Amino acid sequence: MAFIDKIKQQAKQDKKRIVLPETMDKRTYEAAEKILKEGIADIILIGRPEDIKKNSEGFDISGAVCVDPFTDPNRQKYIDKFVELRAKKGMTPEKAEEQMTSDYMYYACLMCKCGDADGAVSGACHSTGNTIRPALQLLKTKPGIHSVSGFFLMEVPDCEYGDNGLFVFADCAVNTDFDSAKLAEIAGLSAESFRMLTGDEPKVAMLSYSSKGSAKHDDVTKVADAVKIAHEQYPDLKLDGELQLDAALVPSVGAAKAPGSEVAGHANTLVFPSLEAGNIGYKLVQRLAKANAYGPVLQGLAMPVNDLSRGCFADDIVGVVAITAVQAQANK
Ligand code: ACO
């Protein structure tokens, strides 16, 4: 069974309430119809009734809950929560009302924060920054986590590497500057994400252009230091580095460049040393190896909120909603 079909099956076991705030986009309704029909999640749509009626023409979304942010009986509760959370940043009731009714992603995150939804998915017509900023501001990180990061679950066809072609690649989406501590935290979160979504044991490679000291540079030291921190923080985790990509994936190269490593040659969770490397790396594999790339999925947030590519299809939204629902199940 394909990875995403397993995730959909898992989502159906304990249905979660997922908010889709992009009700200006037809793909939202096409996805909502499929999600409701397949029973993957309960769907909440945010928008004015007249807009939803017009934009959803041709799609059966009768099973969705539609929330009008201008007449919703919970609206005052969300304004109060917004002010409570952001008062130190100058938030007032007037500004809160304006922001959550002009940018429905804020409304969606407030619904999650107040326990009226279990997760949210957006980004079909908003940039990554505009999609995740409301979540960073309102939902914040899980206890003990310093930084939210973004991974892709990569499903590479006909691939003998990783977990039969399944990988987590991180960080491909969020952090624009990395130090060793942040890299180590990304490694721990990525391992957890890999285990949650595949059910298999993560083997984490901390990637570099050097393997085990073959090159000397501050960039290499940054990754080697991250490995030391990660070993201290997650002593039971199979993690190694710094490793070049071939040493991480190919058993013969791993054995030559990192003899004795239980990760080299067998890695299924790839932690990139920078956002450039991670973002370019996942797109290379997606385009040249024709891999399915699910994400960016956010990890480390207190509640699951996920982004979409603006070029996404309705089926991509269905997949990300299923992943979000499974993250919400794990959040209990
Ligand atoms: N983890 C946790 N909290 C964070 C993080 C993080 N990684 N980054 C920012 N925050 C918090 C800040 O502390 C701040 O909180 P506060 O307002 O309560 O003080 C809040 O989020 C806003 O932070 P800013 O730095 O002011 O927000 P900004 O909007 O400038 O940056 C963002 C945040 C959106 C994540 C930014 O780092 C960004 O744009 N990253 C790159 C996104 C991107 O373009 N990715 C590549 C494309 S994705 C793709 O190709 C699929």
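In the predicted model, Lys140 occupies the loop that connects helix H7 (128–138) with strand E5 (149–155). Although Lys140 is not a glycine, its phi is positive, at about 65 degrees. The residue counts as partly exposed because its relative accessibility is 44%, a value between the limits of 20% for buried and 50% for exposed residues. A positive phi, of about 55 degrees, is also found at Lys290, again not a glycine. Lys290 is placed in the loop between H12 and strand E10 (292–299); with a relative accessible area of 66%, Lys290 is exposed. Most residues other than glycine have a negative phi, and most peptide bonds are trans.

Cis peptide bonds occur at two further sites, described in turn. The bond from Ala170 to Asp171 is cis, with omega near -20 degrees. Asp171 belongs to the loop between strand E6 (166–170) and helix H8 (180–198). Gly241 and Glu242 are likewise joined by a cis peptide bond, for which omega is about -10 degrees. Glu242, in contrast to a loop position, lies within strand E8 (residues 238–243).

The secondary structure of the protein chain consists of 13 helices and eleven strands. Five strands form an open sheet with parallel pairing, in the order E3-E2-E1-E4-E11. Its edges are strand E3 (65–67) and strand E11 (305–306), each of which pairs on one side only. Strand E2 (residues 42–46) runs parallel to E3 and is joined to it by three bridges. Leu45 has Cys66 in E3 as its bridge partner.

On the surface, Ile280, Leu284 and Leu288 make a nonpolar patch of about 330 Å². Ile280 is located in helix H12 (residues 275–288) and counts as exposed because its relative accessibility is 52%, where the cut-off is over 50%. For the protein chain as a whole, the exposed area is about 14,600 Å², of which carbon and sulfur atoms supply 50%.

With regard to overall dimensions, the C-alpha atoms fill a box of roughly 65 × 45 × 30 Å along the principal axes. The radius of gyration of the protein chain is 21 Å, which agrees with the value near 20 Å for a compact globule of 332 residues. Buried residues account for 54% of the 332 residues. Of the contacts between residues at least 6 apart in sequence, 71% join residues at least 24 apart.

How values were computed:
Residues numbered from 1 in each chain as written. Predicted model: local features only at pLDDT ≥ 70, side-chain atom pairs only at ≥ 80, totals over all residues. Heavy atoms only, no water. Patch = residues over 30% accessible without salt bridge, like charges linked within 9 Å, V, L, I, M, F, W, Y side chains within 5 Å. Areas by Shrake-Rupley, 256 points an atom, 1.4 Å probe, with all protein chains shown as cover. Salt bridge = Lys/Arg side-chain N within 4 Å of Asp/Glu carboxyl O. Helix = DSSP H or I, 4+ residues; strand = E, 2+ residues; numbered from the N terminus. Buried < 20%, exposed > 50% of the residue type's maximum accessible area, 1.4 Å probe, protein only. Rg over C-alpha atoms; globule rule 2.2 N^0.38 Å. Contact = heavy atoms within 4.5 Å. Pairing = 2+ DSSP bridges.
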